[in-house]
Amino acid sequence: MQAGKRQLFGDAVLGVAVSAVVAVAVAMDLGGTRGPDLVAYMFAAGLGALMLVRRRFPVLALAATAVGLIAYHAAGYPPIGLALPVAAALYSAAEAGSLVVAGAVAGALVLVSTTFRLREGDDPEYLLGFELSSTIGLMVAALALGAAVRATRLLRAEQRRTIARAAAEREHEARRRVEEERLRIARDLHDVLGHTIAVISVQADVAREALDDDQAAARTALTIIRRAGDDANRELRGTLGLLRDAEHGVGRAPTASLRHLDALVAATAGSGLAVQLSTEGDPVCLPVVVDATACRIVQESLTNCLRHARATKAEVSLRYERDRLGITVADDGRGADLPREPVGRGLAGMRERATLLGGHLAVSSRPGAGFRVEASLPLEAPR
């Protein structure tokens, strides 16, 4: 509202200035067949009043100004020139984007006015040598100023749009990262719960069968169940902490690591599945996300061995190559014919983890030959 009032006040001041300039030119009575009268001064007032509508109807205001000037000179009143009465209208039309129309109107006005005044007997040397050049120069300046203001306004508008798009893209990227973090946390939660429940299920069966005949074995099984529950509780607290951080846009490193692989193997072995761990090549410091993914692949593979394979032995092999980490988990279980697409979140989750890092994972099996999970991960995390 304040900006609108300032613009209206500015247009009113401009209108008064145009009317005053034209009125002074009329009063000077420098020629023409008719002297100044009330109608001549009404022309001056009308040209000034058009400045009040130049913003909303720039082309209409320019056309009305041109018609008014032609009518004024056709009536034989004293000459008042072209540049000053029409400059503001030319500027407004150019600022509104009608530069070609404004230029055509200016050219037509100059042509008509010059022809008319030469026929009336004005001095050609003065008219063509001095006044015409100044008139054209002022008109061109008004057009150029209007076009420059429009270009500046469009440039600023484009800059604002660019800033807004950049902000929207940053917000979208932030949301995407939060969603990725949530998905990673959900996978971690699945892996933790799946492995822990498998261990607890196996040990519960052991404890139930040994409760009457072998109380020591039952106590051992219950101890393993308690330890598995404590480990799961600890990892769940860490996972929930990661989830809270993700809600607030704070990133933290995954908790899973191959450093915990010995404890994972020991817990699995305590559930009755003999696990042989071997390492080839020289272990190197892995990026956090690669380290966590490798650990989760081994964990999920061993969980499947416990829950589905009916295996008695599993072999875990880590191969540190020049630029990749190879992982193989094989068991001696019953095996099965695998479908083309992995069934369940476990296998699909492992494959997604490996693919996101630029690696790959394959699962093979056949009846009576056990399951075999082979993964290959790059030693450098993708950027």
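Leaving aside its neighbours within four places in sequence, with which residues is V110 in contact?

1. The model is a predicted one, and the opening point concerns V110, whose place is in helix α5, residues 99–120. Once neighbours within four places in sequence are set aside, V110 is in contact with L82, L132, I136 and M139. One of these, L132, is 22 residues from V110 in sequence, and the C-alpha atoms of V110 and L132 are 7.9 Å apart in space. V110 has a relative accessible area of 12%, and since buried means under 20%, V110 is therefore classed as buried.

2. As to the overall make-up, the protein has 10 helices and five strands. Of its 383 residues, 39% count as buried. If one takes the contacts between residues at least 6 apart in sequence, 72% of them join residues at least 24 apart.

3. The five strands of the sheet follow the order β1-β2-β3-β5-β4, and this sheet is open, with mixed pairing. Strands β1 (274–280) and β4 (360–365) stand at the edges and have a single partner strand each, so that one side of each is left without a neighbour in the sheet. On average, and with direction ignored, neighbouring strands of this sheet are turned by 10° against each other.

4. Within the sheet, β3 (residues 324–331) pairs with β5 (residues 371–378) in the antiparallel sense, over seven bridges. L325 is the residue that stands opposite L377 in β5.

5. The pairing of β4 with β5 is likewise described as antiparallel, and it runs over six bridges. S365 has F371 in β5 as its bridge partner. The two strands β4 and β5 form a hairpin with five residues between them, and in the turn G368 has a positive phi of about 85°.

6. The faces of the edge strand β4 deserve a separate remark. In a regular strand the side chains alternate between the two faces of the sheet. For β4, the covered face consists of L361, V363 and S365, while H360, A362 and S364 make up the uncovered one. S365 thus belongs to the covered face and is also the residue bridged to F371 in β5.

7. Which strands does helix α8 lie across? Helix α8 (residues 261–270) lies across β1 and β2 (313–320), and runs at about 155° to β1. The axes of α8 and helix α9 (residues 288–309) come within 11 Å and cross at roughly 5°; angles under 35 degrees count as roughly parallel, and α8 and α9 are therefore roughly parallel to each other. On the α8 side, the contact is made by L261, L264 and T268, and on the α9 side by C295, V298, Q299, L302 and L306. Sorted by class, this contact of α8 with α9 has six nonpolar, two polar and no charged residues.

8. The last point concerns cysteines, and a reader may ask how many disulfides are counted. The count comes to zero disulfides, where a disulfide would need a pair of cysteine sulfur atoms within 2.5 Å. C295, which takes part in the contact of α8 with α9, is buried, with a relative accessible area of 5%. C305 also counts as buried, at 5% relative accessibility.

Conventions. Residues are numbered from 1 along each chain as its sequence is written. This is a predicted model: local features need pLDDT of at least 70, side-chain atom pairs count only at pLDDT 80 or more; totals for chains, interfaces and linings use all residues. Side-chain values use heavy atoms; hydrogens and water are left out. Two strands pair if DSSP finds at least two bridges between them. Helices (H or I, at least four residues) and strands (E, at least two) are DSSP runs, numbered from the N terminus. Axes are lines fitted to C-alpha atoms, for helices over the stretch in contact, and angles run from 0 to 180 degrees between N-to-C directions. Contact means heavy atoms within 4.5 Å. Angles under 35 degrees count as roughly parallel, over 145 as roughly antiparallel, 65 to 115 as roughly perpendicular and the rest as oblique. Ala, Val, Leu, Ile, Met, Phe, Trp, Tyr, Cys and Pro count as nonpolar, Asp, Glu, Lys and Arg as charged, and the others, Gly among them, as polar. Buried means under 20% relative accessible area, exposed over 50%, partly exposed in between (1.4 Å probe, protein chains only).
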